[in-house]
Amino acid sequence: MADIVNLRQARKQKARAEQERLAVLNRALHGRSKADRERDRSIADKAERFVAGHRRETSGDADCPEVRPKNAAGFSDKSDA
């Protein structure tokens, strides 16, 4: 004779197996540890600060003073004489 199978438990076990299979696929596609994400974010922030610190033109911020070369319009050369 065949073994008696509880259909409710079999259905739940099948659903768990399917969820685990999808989880494995998602981990492969999107899986990065929190440390990896934070490391990449800090590297990107550091690079952005470096570029922003060496930028010659203004970024459009009201807090950022405008930086121009001495021969630019609006700069008086009389003080250098």
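Of the 81 residues in this chain, 1% count as buried, where buried means under 20% relative accessible area, exposed means over 50%, and partly exposed lies in between (1.4 Å probe, protein chains only). The model is a predicted one, in which local features need pLDDT of at least 70 and side-chain atom pairs count only at pLDDT 80 or more, while totals for chains, interfaces and linings use all residues. Residues are numbered from 1 along each chain as its sequence is written, and side-chain values use heavy atoms, with hydrogens and water left out.

Let me turn to the surface and the fold. About 8,100 Å² of the chain is exposed, and carbon and sulfur atoms supply 54% of that area; such areas come from the Shrake-Rupley method with a 1.4 Å probe, and for residues only the protein chains shown count as cover. The chain contains two helices and zero strands. Both terms refer to DSSP runs numbered from the N terminus: H or I over at least four residues for a helix, E over at least two for a strand.

How many salt bridges are there? The count comes to six, a salt bridge being a side-chain nitrogen of Lys or Arg within 4 Å of a carboxyl oxygen of Asp or Glu. In one of them, Glu20 meets Arg27 at 3.2 Å, N to O. Glu20 is partly exposed at 43% relative accessible area, and Arg27 is partly exposed at 48%.

Another salt bridge joins the side chains of Arg39 and Asp40, at 3.3 Å from N to O. Here Arg39 has a relative accessible area of 43%, and Asp40 has 32% relative accessibility; Arg39 is partly exposed, and so is Asp40.

Glu48 and Arg55 also form a salt bridge, their closest N and O atoms lying 3.9 Å apart. Arg55 is partly exposed at 35% relative accessibility, as is Glu48 at 45%. Through shared partners, salt bridges link Arg32, Asp36, Arg39 and Asp40 into one network.

Finally, I come to charge on the surface. Arg8, Arg11, Lys12 and Arg16 form a positive surface patch. Patches consist of residues with over 30% relative accessible area and no salt bridge, with like charges joined within 9 Å; Lys and Arg count as positive, and the charge is placed at NZ of Lys or CZ of Arg. Within this patch, Arg8 belongs to helix α1, residues 7–30, and is partly exposed at 43% relative accessible area.

Methods:
Patches are made of residues with over 30% relative accessible area and no salt bridge: like charges are joined within 9 Å, nonpolar side chains (Val, Leu, Ile, Met, Phe, Trp, Tyr) within 5 Å.
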